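The following paragraphs lead the reader through a structure, beginning with a term that the description requires. Please keep the model in view while reading.

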Number of protein chains: 2
Amino acid sequence: MVEVSESRADRKERTRQSILGAALTLTADSSLVAVSLRQVAKEVGIVPTAFYRHFDSVESLGLALVEESVVALRGMLREVWRQAPEFRDFIDGSLPLVASHVRAHPQHYAFIVRERVAGPPRVREAIRHEIELITRELATDVARVPGSEAFSTEHLNLLADLIVSSVVTTAERLVDRPDQEERIIAATRTQLRMLLIGGLNWRSQR
Amino acid sequence: MVEVSESRADRKERTRQSILGAALTLTADSSLVAVSLRQVAKEVGIVPTAFYRHFDSVESLGLALVEESVVALRGMLREVWRQAPEFRDFIDGSLPLVASHVRAHPQHYAFIVRERVAGPPRVREAIRHEIELITRELATDVARVPGSEAFSTEHLNLLADLIVSSVVTTAERLVDRPDQEERIIAATRTQLRMLLIGGLNWRSQR
DNA sequence: CGGCTTAGTGAACGTATGTTCACTCAAACC
DNA sequence: GGTTTGAGTGAACATACGTTCACTAAGCCG
């Protein structure tokens, strides 16, 4: 309509993206369980029935949003880890990265934080599964840090779990109060140091 | 109707409690933003209009549920702190208490965890405010522990915040997987020790 | 006893929901 | 270049929603 030349598949993909975007916007101040197919359609500018050409329910729309959000999250973690050769630098170097990622994709992080606990059952499950995978990856990454050889696998996992929880909490706060980014990051920085000092001192005490 | 002698106020209170209970049950697998006044009324066994005799909207019902849940939470913390004269005992002594409280009031803890991030705006705000108050209380409690004198107020708050986050996360997991209570508690125990060791070593490093 | 208060009723309203079906009409294909 | 495919349309449905209003009937109080 607007564009002269656009392949059929391209156009479909464009509408699909519009639906995903509209859903992110609509869920922003409630939850996926509270948005209706018709609201999404109206926001996109299509008729309710056209929705079914792309998803067969709001729930499967949610699963697509999980995938999309997780891609963003993995992108962040990859970037974080790539430029973090050492523990101390890990904290100082990666927190600003976390912040800038959250700033760049606020809706995706808000979506994960929210739907992880309040989404439709299958969406919740999908998010938790992904976070579990990420936690495991982080544990194996931490295991490569010099000085961590003495940690048992179990303790590595627990440490990774604490870190992930902390980052999720931080993302939650950044999404909620973007204006206080500096204060939130400073607080998390101190907390992560407490945490890692604890982790490093841990093996000498057990 | 059922009971012969029941004061008018008593009966009203009983219905009110039924409404609160029904709302907790209905929100259990979705969120407050997704339950309707009519669903609640049907669950309670009253006609939709009767709902307005007790609350003027689902949102204000939510605020009442926050109050109720927070009472339970404070009860737990009071009990935890009463029998925790020392740091080490604090962890070993209080985690089972946390677990038993979550087991006793699973719906209330699930409600807090969920609606904190996904509830109606005013409900979210209320929960966060209450958690902030509780964190502050915890910080002043921790300040009374021998050996914590060297902590700055700021660091005490950060430590308390970390502990509260951890407990919230634990509650979240206990609610989600009641069958794995033992494993979850063991994991949290180890994590809290890492955390407190970090906190205690912290002051000698800054 | 008799009037007053009030928790709960039941009908009615306009609107929003998910899903169905038959349809259009332009890009894709042989 | 004629046929097929499929994204988007528009009407229709049964059901659910929040809120209104006039009402009943039972506990309260002078």
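A crossing of two helices is called left-handed if the near helix is turned anticlockwise from the far one by less than a right angle, and right-handed if it is turned clockwise. With that term in hand, the reader may turn to the model, which is a predicted one.

In chain A, helix 5 and helix 6, the latter spanning residues 121–143, pack with their axes 7 Å apart and at an angle of about 120 degrees. The two helices of chain A, helix 5 and helix 6, are therefore oblique to each other. Helix 5 of chain A and helix 6 of chain A cross in the left-handed sense. On the side of helix 5 of chain A, the residues involved are I112(A), E115(A) and R116(A), and they meet V123(A), R124(A), I127(A) and R128(A) of helix 6 of chain A. Sorted by class, this contact of helix 5 with helix 6 in chain A holds four charged residues, three nonpolar residues and no polar ones.

Chain B offers a corresponding view. There, helix 5 and helix 6 (residues 121–143) of chain B pack at about 120 degrees, and their axes are 7 Å apart. That angle makes helix 5 of chain B oblique to helix 6 of chain B. Their crossing is left-handed. I112(B), E115(B) and R116(B) of helix 5 of chain B make the contact with V123(B), R124(B), I127(B) and R128(B) of helix 6 of chain B.

Helix 5 of chain B, residues 106–118, also packs with helix 3 of chain B, residues 58–82: the axes come within 9 Å and cross at roughly 120 degrees. Helix 3 of chain B is thus oblique to helix 5 of chain B. Here too the crossing is left-handed. Helix 3 of chain B contributes G62(B), L65(B), E68(B), S69(B), A72(B) and L73(B) to the contact, while helix 5 of chain B contributes H108(B), F111(B), I112(B) and E115(B). Five nonpolar, three polar and two charged residues make up this contact between helix 3 and helix 5 of chain B.

How are the two chains related? A turn of 180 degrees, with a shift of 0.0 Å along the axis, lays chain A on chain B with an RMSD of 0.1 Å. The two copies are therefore related as by a two-fold rotation axis.

The chains also touch: 28 residues of chain A are in contact with 27 residues of chain B. On the side of chain A that touches chain B, at least two residues each come from helix 5 (106–118), helix 7 (153–176) and helix 8 (181–202) of chain A. Helix 8 of chain A gives the largest share of that side, ten residues. By class, the residues on this side of chain A are 14 nonpolar, eleven polar and three charged. The copies meet through the same surface, because 96% of the interface residues of chain A are also interface residues in chain B.

Finally, the DNA strands deserve attention. Around DNA strand C there are 18 residues, of which S36(A), R38(A), T15(B), T49(B) and A50(B) come nearest. Helix 2 (37–44) of chain A and helix 1 (8–27) of chain B are the elements that give two or more residues to this surface near DNA strand C. DNA strand D is surrounded by 18 residues, the closest being T15(A), T49(A), R8(B), S36(B) and R38(B). For DNA strand D, the elements giving two or more residues are helix 1 (8–27) of chain A and helix 2 (37–44) of chain B. The surface near DNA strand D divides into six nonpolar, seven polar and five charged residues.

Conventions. Residues are numbered from 1 along each chain as its sequence is written. Chains are lettered from A and ligands numbered from 1 in the order in which they are written. This is a predicted model: local features need pLDDT of at least 70, side-chain atom pairs count only at pLDDT 80 or more; totals for chains, interfaces and linings use all residues. Axes are lines fitted to C-alpha atoms, for helices over the stretch in contact, and angles run from 0 to 180 degrees between N-to-C directions. Helices (H or I, at least four residues) and strands (E, at least two) are DSSP runs, numbered from the N terminus. Angles under 35 degrees count as roughly parallel, over 145 as roughly antiparallel, 65 to 115 as roughly perpendicular and the rest as oblique. Two residues are in contact if their C-beta atoms, placed from the backbone, lie within 7 Å. Ala, Val, Leu, Ile, Met, Phe, Trp, Tyr, Cys and Pro count as nonpolar, Asp, Glu, Lys and Arg as charged, and the others, Gly among them, as polar. Copies are superposed by least squares on the C-alpha atoms of residues with pLDDT of at least 70 in both. A residue is near a molecule or strand if its C-beta atom, placed from the backbone, lies within 6 Å of it.
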